[in-house]
Amino acid sequence: MNSPNDASAHPEPVDDMQTDYVVGQDNIEGSLGPIGFDIHNRVFMISAAASIIFILLTLMFPETAGSMFQSIVSFSTGTLDWYFMIVVDFFILFSIALILLPHGSIRLGGPDARPEYGYLSWFAMLFAAGIGIGLLFFGVLEPVYHANVSLPLGITSPFADGALNADAVPEATAMGLAGTYLHWGIHGWAVYVVMALALALFSYNKGMPFSIRSAFFPLLGERVWGWWGHIIDILAVFSTLFGLATSLGLGAQQANAGMNFVFGLEVSVTAQIIIILLVTAVALVSVWRGLDGGVKRLSELNMMMAVCFFFFVLFAGPTLAALTGFWDGMVTYATEFLALSAPFGREDDAYRQAWTIFYWAWWVSWAPFVGMFIARVSRGRTVREFVLAVLIVPTLFIAIWMGVFGSTGLEQLYASPDTSLVKQYVIDNYNPELSLFGMLNELPLTGLMSTLGIILALIFFVTSSDSGSLVIDTITAGGKIDAPRPQRMFWATVEGLIAIVLLIGGGLSALQAGVTATAIPFSVLMLLMCYTIMKALNSELRLLRAR
């Protein structure tokens with residue numbers, strides 16, 4: 001009989017999720033002249049070939065492509081609206097459960113792991129990669145549009161009778177802001193929580209490849225390294241490509257509109273293509289410098305410039321009205337949260353289908369990209385700290401930003417409805433890419449601040465392309481995070497080209513179609529991830545208690 005002090009009486013706990021798979025074992029390594037490569041032979045080849053075929057077919061048949069894209073948008077937002085609402089609501093409930101359950105004390109990377117980045121750098125990278133161009137494009141547009149046109153939960157527009165009805169302004173302003181916070185708040189970040197947590201757990205705690213397929217090991221076992229896993233990773237590549245292409249296309253449209261507003265540059269698809277090509281060239285340089293030398297520094301620069309831009313708008317505009325609007329919007333967001341999240345019994349189709357469903361699809365489409373990026377920079381955090389930070393910090397930052405920008409635009413609109421450029425660009429003629437510049441037109445230093453807005457949009461553009469190419473390269477390199485840089489540059493180029501062909505093939509509707517088409521199958525995978533995350537957390541908890 002073994003004594004209680006005998007080591008054999010207390011054997012070392014064994015992880016029940018172990019594999020003999022070695023990261024990169026299925027890769028092809030070599031060189032093409034001076035260019036080295038290290039690629040997963042199937043995932044890379046199929047993803048690259050399909051991307052190139054898509055680019056060529058869209059260029060060859062733009063009208064057919066445009067019609068097909070519009071059909072995809074109509075089906076996704078009109079027929080599957082209930083599905084997307086339920087899925088994203090479930091992700092919030094799942095995230096709350098992770099905070100409350102004992103599993104929240106588990107540390108990403110093991111009990112001895114510690115964060116690689118301080119809070120400031122961590123938040124800066126999360127801010128730049130996870131939010132991107134949307135702050136600038138939608139910051140004025142959404143609050144103004146929702147308060148006057150799309151009307152969430154059936155509120156009355158202040159312009160319902162043609163002339164301005166001042167009595168309807170307070171409710172419309174608060175609900176317009178609340179509707180905006182819904183799209184950029186914890187719903188979307190709960191999507192990122194699921195993806196990032198799955199990647200971090202299976203990579204850092206279970207020692208598996210840093211790839212989407214690893215999260216499905218509890219379901220598929222060793223088969224996850226075969227064709228089932230190839231299909232999952234290929235879906236993740238396309239989801240990332242089209243999610244990024246949408247942001248890049250919107251960024252190019254806004255930069256082009258800003259250059260027209262400030263410098264008189266013609267607004268055209270040709271100009272937007274040139275902008276995409278130039279910014280992609282800059283992104284290639286950042287990609288070459290890597291995570292710390294490129295993405296981290298660009299993210300920190302982006303954050304500093306964005307903060308300066310924000311404070312200028314806050315203090316140069318109607319400061320009290322901006323802060324009051326932000327607060328009233330937050331209160332309404334909290335009180336109407338359940339009603340805004342409800343999938344059924346709604347009559348606000350113009351708001352819910354045209355806006356909310358597109359956003360939920362966009363967040364899901366971005367999940368592989370942003371989730372993998374968040375996981376890359378979050379090693380050492382506890383699950384509870386991770387979930388709380390990812391849900392709350394970006395939501396508050398976005399709410400403050402959009403509350404101030406949106407309230408400033410709304411104040412200008414209601415103060416001078418006959419001359420307001422915000423009204424002209426958002427309500428009368430709907431030029432969404434000009435909404436920011438319409439608001440800046442009524443503040444001091446219009447030319448200077450509009451130029452800064454253009455620069456910010458372009459840097460967001462570069463940061464998103466840079467971060468996305470790092471993520472796609474990791475997936476197509478079999479989970480390796482140190483693959484040759486030319487591969488990352490290849491994917492940065494492909495991202496830019498897909499954004500270009502989507503603009504050619506139908507503009508905004510094509511961008512929306514690319515997102516929703518990939519979000520439908522990927523949302524199913526993310527629901528399965530919730531199950532595998534709990535399996536991994538239960539395994540980690542058993543190991544901790546056995547030690």
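**Exercise 1. Backbone outliers in loops**

Classify Leu153 as buried, partly exposed or exposed from its relative accessibility, and state where in the chain Leu153 is placed.

*Solution.* The relative accessibility of Leu153 is 29%, so this residue counts as partly exposed; the classes are buried under 20% relative accessible area, exposed over 50% and partly exposed in between, for a 1.4 Å probe and protein chains only. The model is predicted, so local features need pLDDT of at least 70 and side-chain atom pairs count only at pLDDT 80 or more, while totals for chains, interfaces and linings use all residues. Residues are numbered from 1 along each chain as its sequence is written, and side-chain values use heavy atoms, with hydrogens and water left out.

Leu153 is placed in the loop between α6 (141–150) and α7. Helices here are DSSP runs of H or I with at least four residues, strands are runs of E with at least two, and both are numbered from the N terminus. Leu153 is not a glycine, yet its phi is positive, about 55 degrees.

Tyr430 can be treated in the same steps. Its phi is near 50 degrees, again positive in a residue other than glycine. Tyr430 sits in the loop between α16 (421–428) and α17 (435–440), and with 32% relative accessibility it counts as partly exposed.

**Exercise 2. Aromatic pairs**

How many aromatic pairs does a search of the whole structure find, and what geometry does the pair of Trp82 and Tyr83 have?

*Solution.* The search finds 42 aromatic pairs. Rings of Phe, Tyr and Trp (its six-membered ring) pair if their centres lie within 6.5 Å; planes under 30 degrees apart count as stacked, over 60 as edge-to-face and the rest as tilted.

For Trp82 and Tyr83, the centres are 6.2 Å apart and the planes make 80 degrees, an edge-to-face arrangement. Trp82 is partly exposed at 39% relative accessibility, whereas Tyr83 is buried at 15%.

The pair of Phe309 and Phe405 is tilted, with 5.7 Å centre to centre and 50 degrees between the planes. Phe309 belongs to helix α11 (residues 269–316) and Phe405 to helix α15 (residues 383–415), so this pair ties together parts that are 96 residues apart in sequence. Phe309 is buried, at a relative accessible area of 0%, and Phe405 is buried at 1%.

One further ring contact involves a charge: Lys423 lies over the face of Phe159, at 5.4 Å from the ring centre. The criterion is NZ of Lys or CZ of Arg within 6 Å of the ring centre and within 35 degrees of the ring normal.

**Exercise 3. The nonpolar core**

Which residues have the most contacts inside the largest nonpolar core, and which helix gives the most to it?

*Solution.* The largest nonpolar core has 180 residues, and those with the most contacts inside it are Phe138, Ile212, Phe309 and Phe405. Such a core is a set of buried Ala, Val, Leu, Ile, Met, Phe, Trp, Tyr and Cys residues joined through side-chain atoms within 4.5 Å. Helix α14 (residues 349–376) gives the most, with 18 residues.

Beyond residues up to four places away in sequence, Phe138 touches Pro143, Trp184, Leu250, Trp355, Tyr359, Trp362 and Met402; contact means heavy atoms within 4.5 Å.

Gln353 is also placed in helix α14. With neighbours within four places in sequence left aside, Gln353 is in contact with Thr77, Gly78, Asp81 and Phe358. Gln353 and Leu80 are 273 residues apart along the chain, while their C-alpha atoms are separated by 9.3 Å.

**Exercise 4. Helix spans**

Compare the span of α15 with its expected value, and locate the kink in this helix.

*Solution.* The expected span is 1.5 Å times one less than the number of residues. The 33 residues of α15 should therefore span 48 Å, and the end C-alpha atoms are 47 Å apart, which agrees. A kink of about 25 degrees is centred on Ala389; the bend at a residue is the angle between axes fitted to the seven residues ending there and the seven starting there.

Helix α18 (residues 446–476) has 31 residues, which should span 45 Å, and its end C-alpha atoms are 45 Å apart, in agreement. In α18, 26 of the 31 residues are buried. Gly478 follows α18 and has a positive phi, near 70 degrees.
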